[in-house]
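Please consider the structure shown below. The paragraphs that follow lead through its aromatic contacts, its helices, an enclosed space and several loops.

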Amino acid sequence: MNTFARILITALLSAVLFTCAKNPVTGKNQLMLVSEKWELDIGKQYYSPMRQSQGGDYTVDPAVEIYVREVGNKLASVSDRKLPYEFNVINDSTPNAWALPGGKISINRGLLVELESEAELAAVLGHEVVHAAARHGASAQTRGVGAQIATIGAVVGLSGKIGAQGAQLLGAGAAQLVNQSYGRKAERESDEFGMLYMKRAGYDVQGAVGLQQKFVKLSRSRGKTSRFEQLFSSHPSSDARVSHNRETAARLGTGGEVGADRYKQKMSRMLKAKPAYDFYDKAKAVFKEGNTREASSLLKKAIRLEPREALFHSAMGDISSETNNHSAAIKHYNKAISLNKQFYYPFLKRGQASFMSKRYASAEKDLNQSLAMLPTGAAHNLLGNISSTKNNRAGAMKHYKEAIRYGGEDAKAAYSKLLKIDLGSNPGEYIQAAAGLTAKGTLGIKLSNPTPENIQGIVYSITSRSNGKSQRGSFNGVLPGGKSTVVDTGLSIAKSELSDVAVQVTKARLAR
Ligand SMILES: [Zn+2]
């Protein structure tokens, strides 16, 4: 289980309240294990990092986000539950939308370009408003969905390596809250009450019918491997949903605002730039396959069509980084940052390029700035390296230990460096020792090496807790990373005496 999931479950356990609460939307009673405070905290804490880890906000045309907020707030204001609702547009081509508990809602650029009217947008946002208002995320936690691990699909940046790790820590907990299927009943509830909110806000509920029809068509034509996979896995589209929406529409009555022309006008820049993002997405794919030349030519086409998109310049920087041209990379990241200062990725990557060019002061500044937006193992690992160059042992250790929490390649690198600094001084922190009984009835010392490095020269002390007598022992070999071994001391001991024995590793060093 990763750190986020642990934090989430700890938060859960500390606030366990078995209450049978009235669903604020449906008015029905439901079992609730989490408090409203939990919902608000989750929303507040993870809304921004979730967006960062999925591509950041779409900032090229600020009018788009203003418009989405306008429509979202109309629906929020007629909902059955007061929450600190927020609406943002994530700069990612995957068609998706999600709601975190507490009313924090996002819609991807990739879904906005598929919609054709304001009523369809209202259908998507109304559906998500209900997920938050009706506590679907909270009741999913109550059902135990929270223990499952899901990963974030979207990966930021051209190489994806660094972005993926930022997402990792957040991933399990927050991603499962937004990408899980809340269950058929919750989806039905969201469709139905979402349409009611549309009606209350003055929209033509036919928009929700049309939207489902479109999704059914898309899911048939594009198959399961398409970029719609994420959306359809949490929101299975079906003829049943279409007909359920049709019934709801008949009940609520049609008529009201459609806003097809207004929608197209508000989205015109984004719609016009769609081919640019298609080039960018293709560039990411070919870059992953190692074709930097093709990736670069695709990105140039993308920039020609939409010169104000920071992601495109950032991706150019990634290509320069990959070929170790750090000064060129810095120029591309400069451009990206000048266009969008609200996204962690180009700060992280410019920090990395500056570090590689030994410009430590600028690197440190950028890396800290990236951390403020999204904590990553990569940034902590590099900051650890910078502290090391300044002989700041405590600072280096602090960052390496942080980096380890995030897992992946950066964690491995950080662990190795942490061991170089600290293994000699604190061997007992890294090599675990425990007393046990061997098959022969003698005292066995189990030594475990949970680090990624091979370790040798392990010396330990065996102390009697009752009389304080102590003796030394050692393991004469290399203990590989991730492995454990048992040393038979040859001392005969009764099982009842084991609890009197304390073992502590006193010496160890990295194997050459
Ligand atoms: Zn849903």
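Tyr277, Tyr280 and Phe312 form one aromatic cluster. Rings of Phe, Tyr and Trp (its six-membered ring) are taken to pair if their centres lie within 6.5 Å, and planes under 30 degrees apart count as stacked, over 60 as edge-to-face and the rest as tilted. The face of Tyr277 is also covered by Arg109, at 3.7 Å from the ring centre. Here a charge sits over a ring if NZ of Lys or CZ of Arg is within 6 Å of the ring centre and within 35 degrees of the ring normal. Arg51 offers another such contact, its charged end sitting over the ring of Tyr47 at 4.3 Å from the centre.

The model is predicted: local features need pLDDT of at least 70, side-chain atom pairs count only at pLDDT 80 or more, and totals for chains, interfaces and linings use all residues. Residues are numbered from 1 along each chain as its sequence is written, and side-chain values use heavy atoms, with hydrogens and water left out.

A search of the whole structure finds eight aromatic pairs. One of them joins Phe355 and Tyr360 in a tilted arrangement, with 5.5 Å from centre to centre and 50° between the planes. Phe355 is buried, with a relative accessible area of 15%, whereas Tyr360 is partly exposed at 25%. These words have fixed limits: buried means under 20% relative accessible area, exposed over 50%, and partly exposed in between (1.4 Å probe, protein chains only).

The next feature concerns the backbone. Most residues other than glycine have a negative phi. Lys358, although not a glycine, has a positive phi of about 60°. Lys358 lies in the loop between helix 18 (344-356) and helix 19 (360-373), and is exposed at 63% relative accessibility. Helices (H or I, at least four residues) and strands (E, at least two) are DSSP runs, numbered from the N terminus. Asn324, also not a glycine, has a positive phi of about 60°. Asn324 is placed in the loop between helix 16 (310-322) and helix 17 (326-339), and with 55% relative accessibility it counts as exposed.

Which residues of helix 20 are buried? They are Gly377, Ala378, Ala379, His380, Asn381, Leu382, Leu383, Gly384, Asn385, Ile386 and Ser387. Because eleven of its 13 residues are buried, helix 20 is largely enclosed by the rest of the structure. Helix 20 (residues 377-389) reaches 19 Å from its first C-alpha to its last, close to the 18 Å expected at 1.5 Å a residue; the expected span is 1.5 Å times one less than the number of residues. Just after helix 20, Asn391 takes a positive phi of about 55°.

Helix 3 (residues 62-77) has 16 residues and spans 22 Å from first to last C-alpha, close to the expected 22 Å. Its buried residues include Val64, Val68, Val71, Gly72 and Leu75. An α-helix has 3.6 residues a turn, so residues three or four places apart point the same way. Gly72 has a relative accessible area of 0%. Although 49 residues separate Gly72 and Leu121 in sequence, their C-alpha atoms are 8.7 Å apart.

Turning to enclosed space, a search of the whole structure finds four cavities of 30 Å³ or more. On a 1 Å grid over the protein atoms alone, a cavity is a set of points where a 1.4 Å probe fits but cannot get out, and lining residues have an atom within 4 Å of a point. Grid points are joined across faces, edges and corners, and a volume is the space filled by probe spheres set on the points. The largest cavity has a volume of about 200 Å³. Of the 20 residues that line the largest cavity, Val124, His127, Leu211, Gln212 and Arg241 lie nearest its centre. Helix 5 (118-133), helix 8 (184-200), helix 9 (206-222), helix 10 (229-234) and helix 11 (239-252) each supply at least two lining residues, and the largest share, five residues, comes from helix 8. The lining has eleven nonpolar, six polar and three charged residues, where Ala, Val, Leu, Ile, Met, Phe, Trp, Tyr, Cys and Pro count as nonpolar, Asp, Glu, Lys and Arg as charged, and the others, Gly among them, as polar.

Two loops between strands complete the account. Gly441 is in the loop between strand 6 (432-437) and strand 7 (442-448). Gly441 and Ser492 are 51 residues apart in sequence and 6.1 Å apart, C-alpha to C-alpha. Asn467 is in the loop between strand 8 (455-464) and strand 9 (470-479), and is partly exposed at 49% relative accessible area.

Technical notes:
1 Å grid on protein atoms, 1.4 Å probe; cavity = no way out; pocket = protein on both sides within 12 Å on 5 of 7 lines; lining within 4 Å.
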